[in-house]
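Let's take a friendly walk through this chain together, from its surface to its interior. Please keep the model open beside the text as you read.

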Amino acid sequence: DELQELFTLLNDFKILCVIKKGIFGSLYINSFFESMWKANIYSSKHNTLFDGAPILITRNSNKKGLFNGNQGICLRVGKQQYFVLPRGGRFLFYPLAFLPTFELAYAMTIHKSQGSEYSDILVVLPEEEKHTLLTREILYTGITRAKKSAFVYANKTVLEKTIHTSIERETGIQIWQNFT
């Protein structure tokens, strides 16, 4: 039941980013947390992940039964580190060396979070006002990942622009209507 508690904590809070790269992106935020943990808890001589690190699989591996978007935790059993994944009411243990590509998952992109739910979330918007991903729809998608509360980190101008920008899709519907 300690494992279940760890996964409950993992799903209590998540940072969701619009972008992957840059200071407001998931990669940067994850590297910040990793360096903080290593500096304060985990000796820098270790090049391994620390126990409890949240991990997100980023590439499918049908043979291994691991898929893009699977989320788990890094745990040490003896001298071996494992990726622990909840599945079907039990926990599967995969040696880290066995994994396809993965990344830390303190923060993840809103795109990767689709289909997931967390108790509380923090949505981080980039500072670039004219970023093409800053739309009302992406903000809505991020906020709706929260079961209880959602917080948005953004400057006021970016937030206002995001709220007032909608995705414009080009379809043939208007053309078709002209022929009917």
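The chain exposes about 11400 Å², with carbon and sulfur atoms supplying 54% of that area; accessible areas come from the Shrake-Rupley method with a 1.4 Å probe, and for residues only the protein chains shown count as cover. This is a predicted model, where local features need pLDDT of at least 70 and side-chain atom pairs count only at pLDDT 80 or more, while totals for chains, interfaces and linings use all residues. Residues are numbered from 1 along each chain as its sequence is written, and side-chain values use heavy atoms, with hydrogens and water left out.

Six helices and nine strands make up the secondary structure of the chain (DSSP runs numbered from the N terminus: helices are H or I with at least four residues, strands are E with at least two). Of the 180 residues, 38% are buried (under 20% relative accessible area; exposed is over 50%, and partly exposed lies in between). Among contacts with a separation of 6 or more, 64% join residues 24 or more positions apart (contact means heavy atoms within 4.5 Å).

On the surface, Ile23, Tyr28, Phe32, Met36 and Trp37 form a nonpolar patch of about 480 Å². Such a patch takes residues with over 30% relative accessible area and no salt bridge, its nonpolar side chains being joined within 5 Å; a salt bridge is a side-chain nitrogen of Lys or Arg within 4 Å of a carboxyl oxygen of Asp or Glu.

Two members of the chain make a nice pair to look at next.

| Residue | Element | Relative accessibility | State |
|---|---|---|---|
| Tyr28 | helix H2 (residues 26-40) | 42% | partly exposed |
| Gly72 | strand S3 (residues 71-77) | 0% | buried |

Gly72 sits 5.9 Å from Pro54, C-alpha to C-alpha, although 18 residues separate them in sequence. Beyond its neighbours within four places, Gly72 contacts Phe7, Leu10, Ala53, Pro54, Ile55, Phe83 and Val84.

Now for the interior. The largest nonpolar core has 16 residues, of which Val18, Ile110, Ile121, Val123 and Leu125 touch the most other members (a core is a set of buried Ala, Val, Leu, Ile, Met, Phe, Trp, Tyr and Cys residues joined through side-chain atoms within 4.5 Å). Strand S8 (118-124) and helix H4 (136-143) are the elements giving two or more residues to this core, and S8 gives the most, with three. Apart from this core lies another of 15 residues, including Ala53, Ile55, Leu85 and Leu92.

Methods
Patch = residues over 30% accessible without salt bridge, like charges linked within 9 Å, V, L, I, M, F, W, Y side chains within 5 Å. Buried < 20%, exposed > 50% of the residue type's maximum accessible area, 1.4 Å probe, protein only.
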